[in-house]
Amino acid sequence: MKSKKTLPAKYDPTVLEEKWQKIWDENKTYHVDIENAKNPFYNLMMFPYPSAEGLHVGNMYAFTGTDIYGRFQRMQGKDVLEPIGLDGFGIHSENYAIKVGRTPKEHAAISEKNFYRQLHLIGNGFDWERKVETYDPKYYKWTQWLFIQLFNQGLAYRKKAPVNFCPKDLTVLADEQVIDGKCERCGTEVEKRNLEQWFFQITKYADRLLKNIEGLDWSDKVRIAQRNWIGKKEGINITYPIENAKETVTIFTTRPDTNFGATFIALAPENPLVAKITTAEHKKEVEEYLKAASQKSDIERQAEGREKTGVFTGAYAINHLTGYKMPIWVSDFVLMGFGTGALVGVPGHDKRDFEFATKFHLEIKRVVVGSDNDTSPITAIEQVQEDEGTMINSDFLNGMDIHKATEKIMDYIEEKGWGKRVATYHLRDWLISRQRYWGPPIPLINCPKCGWQPVPEKDLPVLLPDVENWKPTGTGESPLAQLTDWVKTTCPKCSGPAKRETDVSDTFLDSAWYFFRYTSTDIDSAPFDTKRVKKWLPVTMYIGGAEHSVLHLLYSRFVTMVLSDMKLIGFEEPFAKFRAHGLIIKDGAKMSKSKGNVVVPDAYIKKFGADTLRTYLMFLGPFSQGGDFSDSGIEGMHRFLKRVWFIAHEFSENPSEEALSEESLRIMHKAIKKATEEISNLRYNTAIAALMEWYNFVSNRSKTQGQPLTKQELETFIKILAPFAPHMTEEIWQSISGNDSQFRSLHKQSWPTFEAKYLAESSITVVVQVNGKVRDNMTIVAGKEQKQVEEQALALEKIKKYTEAKQVGKIIYVPNKLINIVVKE
RNA sequence: GCCGAGGUGGCGGAAUGGUAUACGCGGUAGUCUCAAAAACUACUAGUCGCAAGGCUGUAAGGGUUCGACUCCCUUCCUCGGCACCA
């Protein structure tokens with residue numbers, strides 16, 4: 001009996017895919033029992049910004065790759081939670097709304113519809129009952145709740161700070177959102193402004209955030225990026241007396257070993273000490289410098305390059321070690337936010353210090369000799385020894401390696417009470433407030449009597465009011481500040497008149513906890529159900545773009561730690577396993593609307609079907625690597641799926657033909673093994689290649705030996721193909737499986753397993769090399785003794801040619817694989 | 001400058017230290033067709049040779065090894081991130 005009548009002759013993905021998406025929806029095929037699941041597997045993909053252009057193939061690549069992993073796990077018997085949502089609050093969405101002349105709310109409604117439509121089209125196995133939209137009051141109620149928890153833990157504080165201000169977006173930006181001195185969103189040059197802002201004290205968690213990295217199963221490059229971002233540096237704070245003054249100056253250094261060569265001190269312009277120590281005769285000059293420095297943007301500073309500027313305060317600090325009078329300067333290359341906002345200059349052994357000293361004719365002392373043994377005075381920047389060397393001109397440190405000297409001198413300084421070992425971090429506190437409209441209002445009330453008070457939980461959410469003037473004001477205040485009625489409120493503590501905070505919180509707060517919410521979208525009484533969180537979290541597998549290696553992951557980790565400290569959850573780290581996927585680029589550049597190279601999947605889905613596009617995207621290269629999108633190969637993938645479709649009509653159900661040869665079994669089990677391993681490692685391209693090789697074998701066998709595909713082979717084949725091309729494989733599966741009235745999806749069948757006994761070959765081809773060069777090959781019986789293999793190899797005509805009249809030395813035998821005969825010339 | 005990833009046919013890419021270029025795209029020739037498309041078959045790193053077969057080849061140069069795309073050193077280039085961080 002051949003060919004099942006139920007499988008249509010023509011492969012028509014448009015009809016097929018719509019049909020199955022509907023059936024899956026109706027049957028809740030991908031819905032998971034959140035309370036009772038036995039083998040919970042939380043398969044999470046980073047939820048997208050619903051940009052106006054809609055989902056592009058870059059998004060689709062990420063989602064499909066994650067979905068394949070989820071489908072694979074589901075077929076391994078896991079109860080897979082695979083939710084999706086939209087990260088729709090924030091500047092990005094608001095700016096787009098401004099551009100198209102809609103309110104952010106209107107825009108959100110439109111893009112939401114479009115995104116969910118597209119997310120259906122690509123055929124992912126989402127649980128559609130667990131959606132999250134960050135701009136939904138039911139969601140941001142709990143974002144506000146989270147803010148209050150941080151506030152109550154003493155982790156939210158307010159301070160006036162020089163902040164990055166984007167004059168185009170009219171808002172404050174976090175340090176992380178400033179790229180090359182420009183706004184991450186719009187590319188406008190960022191200004192420095194002094195504004196009152198809310199901060200989260202993430203630095204308090206720096207050490208834990210750093211330490212926990214060790215135990216995470218994450219892509220290495222992401223772990224390294226996190227480590228670098230936290231940027232812990234061990235060093236020492238040294239306090240120097242100031243000549244003729246009661247003040248002292250404290251600097252941070254990681255290189256106290258060079259302290260015998262210290263010849264000046266430099267302070268950041270913002271350092272409060274500047275005003276206190278500047279002598280009368282230098283006052284005017286210093287004030288002018290401070291004023292100029294405060295007006296300079298980062299871009300202007302960069303434009304000046306490494307050309308150092310600075311001004312002398314007239315004061316001197318005394319170097320304990322040498323008694324040297326170190327002039328105290330002010331320079332904008334010293335950063336207030338790092339260390340103590342002051343440094344000690346060792347121009348002989350630090351390139352920046354050298355430049356500064358050269359420019360202002362300060363003394364340069366050599367205290368380290370490098371491997372070049374140059375002991376001459378340092379007059380050129382090439383002579384500046386930074387990373388290695390031996391101490392000289394440094395009293396009791398002389399002759400020591402610099403690293404040893406560093407430890408020695410730190411002990412000494414601490415002993416003398418001149419300083420103390422400290423660690424500093426690159427990580428800064430999280431600037432959380434935004435003078436914008438499209439975000440969750442910060443749920444705090446300022447009472448003239450009681451100070452800042454959180455909005456009581458029963459009053460949450462603080463709804464974002466619908467207002468006419470929602471566009472940024474540029475006054476340094478949120479548009480919400482104009483709503484006097486809304487701002488006016490009563491103090492939750494004393495019931496006196498009070499004012500609401502009018503800033504909204506940073507979008508990164510929205511996305512720092514959404515993975516908790518997915519488990520509990522049906523619950524209104526709490527941010528999440530603790531039992532469900534215990535069951536499903538930490539997230540089993542998290543997949544997302546490397547561009548979020550630092551910010552989103554770090555903030556999520558921070559929030560999770562805080563919740564853990566509050567005993568609301570029983571773990572510190574939110575993502576057990578994280579893998580970064582590659583980026584799909586187009587013509588060598590990242591897809592972006594401004595470059596006009598955005599590829600939208602819709603047209604390809606219409607022409608070839610989602611199955612083809614999915615499989616094609618995954619075949620492009622390793623998932624972690626991404627690739628350059630070109631449609632040149634997509635026809636080939638479509639061809640492959642069509643071949644599978646046709647061969648599925650011609651399988652044999654004749655029991656006498658069912659018996660597979662040893663070779664056929666071996667090829668099948670090899671394919672299962674290879675595909676399973678490759679999918680586990682997110683190497684989808686080679687998994688697909690393994691399927692193709694198997695297909696080629698069967699197709700060839702069918703033609704040359706007349707043995708068609710067997711039912712067993714077909715079933716196995718479409719199961720492995722199922723995660724990649726879920727629609728067509730489902731159709732084939734339904735046509736070959738029994739006529740059960742109940743719908744049993746292919747995607748809930750168990751994954752094929754391979755058996756080692758079928759993998760072994762009875763006769764094997766062994767490569768024969770002479771001096772490492774392949775000269776011949778031969779077939780041997782598996783497991784043959786080395787001696788016999790050697791004899792067989794040496795007897796080969798082609799090999800004789802190379803061994804004749806020469807002395808055969810060593811013979812290396814790699815069992816069942818290769819034999820290498822070494823001959824001497 | 002620092003950190004990270006990478007450099008393999010015409011192209012995307014494949015190779016636990018063991019036959020380099022699997023799989024796919026593209027190309028060439030053929031089958032089918034009135035013709036074309038589709039589909040199918042064969043070939044497809046360079047080079048010498050009628051062939052058998054040889055030689056050369058994984059950015060460049062060196063090293064370790066019986067054997068190196070793979071490990072080590074030096075250099076060059078591309079991409080991504082950070083950047084006056086003491």
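Me: How do the residues of the surface near RNA strand B divide into nonpolar, polar and charged?

Reply: The model is a predicted one. On the surface near RNA strand B there are 21 nonpolar, 13 polar and 17 charged residues.

Me: Which residues come nearest to RNA strand B, and which element gives the most to this surface?

Reply: There are 51 residues around RNA strand B, and Lys233, Arg352, Arg639, Arg643 and Asn820 come nearest. Of the atoms of the strand that come within 4 Å of the protein, 65% belong to sugar and phosphate. Helix H23, residues 684-705, gives the most to the surface, with seven residues.

Me: Which side chains have an N or O atom 3.2 Å or 3.1 Å from a phosphate oxygen of RNA strand B, and which has one 2.4 Å from a base oxygen?

Reply: For the phosphate, arginine 775 has a side-chain N or O atom 3.2 Å from a phosphate oxygen, and for tyrosine 802 the distance to a phosphate oxygen is 3.1 Å. For the base, the side chain of asparagine 820 places an N or O atom 2.4 Å from a base oxygen.

Me: How should one read the pairing of strands, and in which sense do E32 and E33 pair?

Reply: Strands of a sheet pair through backbone hydrogen bonds, in either a parallel or an antiparallel sense. Here, strand E32 (residues 763-770) and strand E33 (residues 773-781) are antiparallel and share eight bridges. Serine 763 has valine 781 of E33 as its bridge partner. Two residues lie between the strands of this hairpin, and asparagine 771 takes a positive phi near 50 degrees.

Me: In which sense does E32 pair with E35?

Reply: E32 and strand E35, residues 818-824, pair in the parallel sense over four bridges. In this pairing, valine 767 is opposite leucine 818 of E35.

Me: What is the order of the strands in the open sheet of three strands, and which are the edge strands?

Reply: The order is E30-E29-E31, and the pairing is mixed. An edge strand pairs on one side only, as do strand E30 (589-590) and strand E31 (626-628). Strand E29 (residues 583-586) runs antiparallel to E30, and two bridges join them. Lysine 586 stands opposite alanine 589 in E30.

Me: How far does helix H20 reach from its first C-alpha to its last, and which of its residues are buried?

Reply: A helix can be read by comparing its reach with the span expected at 1.5 Å a residue; H20 (residues 634-647) has 14 residues and reaches 20 Å, close to the expected 20 Å. Its buried residues are Ile634, Met637, His638, Phe640, Leu641, Val644, Trp645 and Ile647. These buried residues pack against several helices, including helix H1 (13-27), H23 and helix H25 (726-736).

Me: Why does isoleucine 381 count as partly exposed, and where is it found?

Reply: Isoleucine 381 counts as partly exposed because its relative accessibility is 25%, and buried means under 20% whereas exposed means over 50%. This residue is found in the loop between strand E17 (368-369) and strand E18 (390-391). Apart from neighbours within four places in sequence, isoleucine 381 is in contact with Lys351, Phe354 and Glu355.

Me: How many helices and strands are there in chain A, and what percentage of its residues is buried?

Reply: Chain A has 28 helices and 35 strands. Of its 825 residues, 54% are buried. The C-alpha trace spans about 105 × 90 × 45 Å along its principal axes. Among contacts with a separation of 6 or more, 71% join residues 24 or more positions apart.

How values were computed: Residues numbered from 1 in each chain as written. Chains lettered and ligands numbered in written order. Predicted model: local features only at pLDDT ≥ 70, side-chain atom pairs only at ≥ 80, totals over all residues. Heavy atoms only, no water. Near = heavy atom within 4 Å. Polar contact = N/O pair within 3.5 Å; in protein donor to acceptor, adjacent residues only side chain to side chain. Nonpolar A, V, L, I, M, F, W, Y, C, P; charged D, E, K, R; others polar. Buried < 20%, exposed > 50% of the residue type's maximum accessible area, 1.4 Å probe, protein only. Contact = heavy atoms within 4.5 Å. Expected span 1.5 Å × (residues − 1). Pairing = 2+ DSSP bridges.
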